[in-house]
Structures are given as C-alpha cells and as structure tokens.
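Welcome! Open your viewer, switch on the cartoon view and get ready to select residues as we go.

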Amino acid sequence: MSGKGNPKRSSSGSSRPKRSKTASAPRPSSGKKGKNSKGGGKGIFITALCLVIFAVMLLIGKPMTMTEIQDMLGVGDSIAADTAGGSSFDFAVHYLDVGQGDSELIIAGGCSVLIDAGEREYGTAVLKAIKDLGVEKLDYIIATHPHSDHIGGMAEVIENMDVGKMIVPKVPSELTPTSAAYERMLKAVKKKGLKLTQAKAGDTYTVGNAEMTILGPIGSNYEDLNDFSVVCKVKYKDTSFLFTGDASFPSEDDMTASDEDLSADVLKVGHHGSTTSSGRGILAAVQPSVCVISCGAGNSYGHPHEKALNRIRKYTDKIYRTDLDGAISIFSDGSKLYIRTANGSDNE
Ligand SMILES: [Zn+2]
C-alpha cells in the first residue's frame, strides 16, 4: 500500500549537506500542502460511504481497512507532495507516492508529461494528483515498460484525461506481456483513438519551456523486460532530470557507451533502488546531486538495496525516498532546485 502514515524521518533534512543547486522552497502563502481538508457535508457523506463499504466487505468476508477503502475511493490525502506552492515555478517534477511502483509528473511552462502511473489501485489517486496540480491535458505520457507497477493505473488516467502523445518502448513479442494491466492499458489507448509512439534513443521533444531527450532503450535484444524501459532526460535551462524506469545494468551499459550526455542534477534511481541498477558506470556519467527512489514502505523486494545505496552515496547523500518521505516535488527556477516532501522533511 502507500507510504502514508510512515513515521517521519527525523534527521532527513538537517543531515543533508547543502549543494549549490538546492535551496529552501518558499512556503506557499496559503498554507495547505494538499492534505485532505474537505468541507463538513462532503466529509460526512464520504465517511458514511466508507462505513457502508466496510459493512459490505465484512458481510462478504473480505474486510478492508478504512485507509484501503479511502485509497480505493481516492479520498485520502493527495499523493503529490505539493498542490499549492509550486505555481510560482515554471518547472516542476512531482514524484508521486504510489507505494511499490513508479509515477512522475513533469510540469513545464504549461505543458506536462506523465511517466508511469503505478499499480492499478493507484489509478484514481494518480488522476486526482494530476488534476489537483492543475493539469488539464497530458501533452505526453511515457509508459516506461509494461509491468503493472508502472502501467497498472494508466488506463484510468488515459480514460479521464486529454492526452497528446503516448510514448512506449518497442518490446520483442516474446517479452510482450499478456497481463490484465497491459490489456487494460491497450484497450484504453484504442478507445481514446491514441496512436502509440515508439521511443527512439536520440529523439527529442519540446515540453513547454523544457526539452526532453529519449536516451534509452538503445538495445533490442535484452533478456529482461525492465531493460526495455524508456529512459529520458528533461532539461530546463541549467537544470536536468533523468528518468530511468526499471533499466538495469545491460541497458545502463549501452547508454554509457553511447555519445549521449547522461549528466543530470536529479536522478530517478533505476528499478526502485534494486541492486541490479545504478551501476558505477551510469552514476559516473550522470553525476547526480539529488537522487529519488520510488518504492513502497516495507516492500517484499528489499528495495532500495544497500549495495545500490552505497554506490549512490559516493555521489550524493541527498537521497529522497517515497517510502520514507512520501511524495517528493522538485521545483527548478532554471539554475537552483527547491525540494519539498509530503512528510515534511522539507527542502533543505
Ligand atoms: Zn518497477
């Protein structure tokens, strides 16, 4: 489930050394950080609805917690770290808290890109976060690779949003899944009349005031579907952000052997911090000053792995994690980064 209700990490803010490109995020003048602050009448109605569902679940012998029901209804706290304070910035990346999965929303000068949408049960919350952040149209959707923790919630997003272009990797037929999540996404794509654009390393897209470059996948015969993950870099003035999906060593090695400039200020760490990603080669090429790991609290995979963390720590100890920090929002003014997290291990 989500990382909500995790204990706050007491030392996360103060223990991090200052870096040149980060600074304190100015507090929004109007307070709220996207927490649930619904009016009385609506709140009572939702509570009643939750109780009815809870009673039905008890009757059919499949009890759910109230939090699970709220998640199901999408009425819990926002999964975005910031829904109020980022409007003064022309560029923001929101690393949404989708538990053990991935979902990032880039907002650049009025344009937007959604990279992945978490597991199916997060579809409603991802959609809500997109709308809470004021996005009415997704100019681009990138479905990094067809695993359910990345595309599970995608069908709901596609069905309920205007979508410009949808970018996906070219996956060999023997690795193409026949999962329900993949089928659902394709069905939504078809129903919407969307055409899928295959990711091609070297392609560039203008996203408002930023530029997005596809860096991977480069190879076409990886054994692991994760290595077909679309990897892209988004550059806004002097700041840049790299998104690596679940790419692991074989894909990382192909990218570091290419001529592309992989350097980035912020790295979305590959494969939820798995030990088979974030190799020395790619870290040396990226030289990240901030890393973000998207993983679920107490996940059964042991993500993030200590070996990966140790390799990353050689470059930075500014490591943000959705399992500890909740959702993470990083704003850029073109030269400096401003970081805010849902759990309050704010900025810097
Ligand atoms: Zn994954």
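**The whole protein**

Begin with everything selected: of the 348 residues of the protein, 50% count as buried. Keep in mind during the tour that this is a predicted model. Colour by secondary structure and look for 10 helices and 16 strands. Now think about which parts of the chain meet: among contacts with a separation of 6 or more, 71% are between residues 24 or more positions apart.

**Stop 1: the core**

Which residues have the most contacts inside the largest nonpolar core? They are Val-126 and Val-207, in a core of 88 residues. Helix α3 (residues 123-132) gives this core its largest share, 5 residues.

Select Val-126 and show what surrounds it. Leaving aside residues up to four places away in sequence, Val-126 touches Leu-96, Val-98, Ser-103, Ala-117, Gly-118, Gly-153 and Val-157.

**Stop 2: a sheet of strands**

Next, find the open sheet made of 7 strands, with mixed pairing. Walk across it in the order β8-β9-β10-β11-β12-β13-β14. Why do β8 (204-207) and β14 (319-321) each have one side without a neighbour in the sheet? These two stand at the edges and have a single partner strand each, so one side is left free of a neighbour. As you step from one strand to the next, the twist averages 20°.

Zoom in on β12 (residues 266-268) and β13 (residues 290-293): these strands run parallel and are joined by 3 bridges. Select Val-266 and you will see Val-290 of β13 standing opposite.

**Stop 3: helix α6, inside and out**

Now select residues 180-192, which form helix α6. Its 13 residues reach 18 Å from the first C-alpha to the last, close to the 18 Å expected at 1.5 Å a residue. Colour Ala-181, Tyr-182, Arg-184, Met-185 and Val-189, which are the buried residues here. They cover an arc of only 165° around the axis, so they sit on the same side of α6.

Turn the helix around: the face pointing away from the buried side carries the exposed residues Ala-180, Lys-190 and Lys-191. What do the buried residues of α6 pack against? Look for α4 (148-151), α5 (154-160), β6 (162-168) and β7 (196-198). Just after α6 comes Gly-193, with a positive phi near 75°.

**Stop 4: unusual backbone spots**

A little background helps here: most residues other than glycine have a negative phi, and most peptide bonds are trans.

Go to the loop between β9 (210-216) and β10 (231-236), where Pro-217 is found. The peptide bond from Gly-216 to Pro-217 is cis, with omega near 5°. Then visit Pro-304, in the loop between β13 and α9 (306-313). His-303 and Pro-304 are joined by a cis peptide bond too, with omega about -5°.

Finish with two residues that are not glycine. His-271, in the loop between β12 and α8 (280-286), has a positive phi of about 50°. Gln-287, in the loop between α8 and β13, has a positive phi near 55°.

Is His-271 buried or exposed? His-271 has 27 other C-beta atoms within 10 Å, and a residue is buried at 20 or more, so His-271 is buried. Gln-287 has 13 C-beta neighbours inside 10 Å, so Gln-287 counts as partly exposed.

Note on methods
Residues numbered from 1 in each chain as written. Predicted model: local features only at pLDDT ≥ 70, side-chain atom pairs only at ≥ 80, totals over all residues. Helix = DSSP H or I, 4+ residues; strand = E, 2+ residues; numbered from the N terminus. Buried ≥ 20, exposed ≤ 12 C-beta atoms within 10 Å, placed from the backbone. Contact = placed C-beta atoms within 7 Å. Core = buried A, V, L, I, M, F, W, Y, C linked by C-beta atoms within 7 Å. Pairing = 2+ DSSP bridges. Axes fitted to C-alpha atoms, helices over the stretch in contact; angles between N-to-C directions. Expected span 1.5 Å × (residues − 1). Arc of directions from axis to C-beta.
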